[in-house]
Amino acid sequence: MLRRRQPPATRNGCLRRIVPWQRQPPRGCHRNRRPGGRPAVDGQHQHVPRAGCSRNAGLRLQGEPMKRSRADRHRHQGGFTLIELLIATALGVLVLSALTSIVLTTTQAAGTANSRIEASAQVRNFQLTAYDDFALARPPATLGCGTHDDPCTTQDLVLIGSRMPNTTTGTAAPYTVTYTWDDHETNLLRHVAGLSSRVVASNVTAFAWYVDSSGAHPTVVIDMTVTVKSFSTTYSESQTLRFYPRVTMP
């Protein structure tokens, strides 16, 4: 009768067999084997903080604090030197000065452009309004002024003429327009007889007029200056305007 051959026993009473495709575990460690025939601890990595066969115990590679204490951080923390602080401050001052200069220059240029547009608009408004008034009037009368050497400044500019009504049958009606310069309010006022006054130009800092009789037909020359103040600049524009009265009959 044939008997089944029993595997030989080891000294510690543990069975010894060859694990296919794995490293053979050392002696005396089969009691720590997991179910399935695999060792409890992989033998290829010895740096495991656990005592055992063929293991390095006491390494304490795990469990170290991830963050240092506040005292260690303060002790190892570096700062800036006085020279570095002075250099950084000087560079910051230079950059801020350049930015401030750019902003101020841009603001001043924008203010000057707006002032120029405003001054030109005031002169053009007076020119367009006075053109029709001079075309319908005779040359103004001068009393003690009104020449090239002695122009009128505070005297009113009175234009007397005639205007036809907007009808097919009608006669010309008297038409009187007075221009007055208020040097305190720097406004140039236009007043039509029988109607209220209105401002035809503002910010007028200088106004003078005279009658030029050197040509075949007398003309009226007006010198005016408009000054507009902006944020940080003041712009002044002076214009000399010549008007031609077209009514010659008394």
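1. Which residue in S4 does Arg 190 stand opposite? Arg 198 is the one facing Arg 190 there. The two strands involved, S3 and S4, run antiparallel and are joined by five bridges. They make a hairpin with four residues between them, and Gly 194 in that turn has a positive phi of about 90 degrees. Keep in mind while reading on that this is a predicted model.

2. Now the overall layout. The protein has two helices and seven strands, and along the sequence they come in the order α-α-β-β-β-β-β-β-β. So much for the order; here is the burial. Of the 250 residues, 24% count as buried. The exposed area is about 19,000 Å², with carbon and sulfur atoms supplying 56% of it. As for contacts between residues at least 6 apart in sequence, 40% of them join residues at least 24 apart.

3. On to the core. The largest nonpolar core holds 30 residues, and Phe 126, Phe 207 and Ile 222 are those with the most contacts inside it. Helix H2 (82–135) supplies at least two residues of this core, and so does each of the strands S1 (157–163), S2 (173–182), S3 (187–192), S4 (197–202), S5 (204–212), S6 (219–229) and S7 (234–243).

4. Ile 222 is a good place to zoom in. Leaving aside neighbours within four places in sequence, Ile 222 is in contact with Phe 126 and Phe 207, and also with Phe 134, Leu 157, Ala 208, Trp 209, Gln 239, Thr 240, Leu 241 and Phe 243.

5. Next, look at Asp 133, which sits in helix H2. Is this residue buried or exposed? Asp 133 has a relative accessible area of 2%, and the cut-off for buried is under 20%, so Asp 133 counts as buried. Not counting residues up to four places away in sequence, Asp 133 touches Leu 159, Arg 163, Tyr 175, Val 177, Tyr 179 and Arg 190.

6. One of those contacts is also a salt bridge: Asp 133 pairs with Arg 190, with the closest N and O atoms 2.8 Å apart. This pair links distant parts of the chain, Asp 133 in helix H2 and Arg 190 in strand S3, 57 residues apart. Both partners are buried. Arg 190 is thus worth a second look, as the residue that stands opposite Arg 198 in S4 and forms a salt bridge with Asp 133.

7. The salt-bridge count comes to two. Asp 212 forms a salt bridge with Arg 242, the closest N and O atoms being 3.0 Å apart. Here too distant parts of the chain are linked, with Asp 212 in strand S5 and Arg 242 in strand S7, 30 residues apart. Arg 242 has 40% relative accessibility, which falls between the 20% and 50% cut-offs, so Arg 242 counts as partly exposed.

8. A couple of backbone spots to check. Thr 186, in the loop between S2 and S3, has a positive phi near 55 degrees without being a glycine. Asn 203, in the loop between S4 and S5, is not a glycine either and has a positive phi of about 60 degrees. Asn 203 is partly exposed, at 27% relative accessible area.

9. Last, the surface. Leu 82, Ile 83, Leu 85, Leu 86, Ile 87, Leu 91 and Leu 94 form a nonpolar patch with about 740 Å² of accessible area together. Among them, Leu 85 lies in helix H2, a helix that also supplies at least two residues of the core.

Conventions: Residues numbered from 1 in each chain as written. Predicted model: local features only at pLDDT ≥ 70, side-chain atom pairs only at ≥ 80, totals over all residues. Heavy atoms only, no water. Buried < 20%, exposed > 50% of the residue type's maximum accessible area, 1.4 Å probe, protein only. Contact = heavy atoms within 4.5 Å. Areas by Shrake-Rupley, 256 points an atom, 1.4 Å probe, with all protein chains shown as cover. Core = buried A, V, L, I, M, F, W, Y, C linked by side-chain atoms within 4.5 Å. Patch = residues over 30% accessible without salt bridge, like charges linked within 9 Å, V, L, I, M, F, W, Y side chains within 5 Å. Salt bridge = Lys/Arg side-chain N within 4 Å of Asp/Glu carboxyl O. Pairing = 2+ DSSP bridges.
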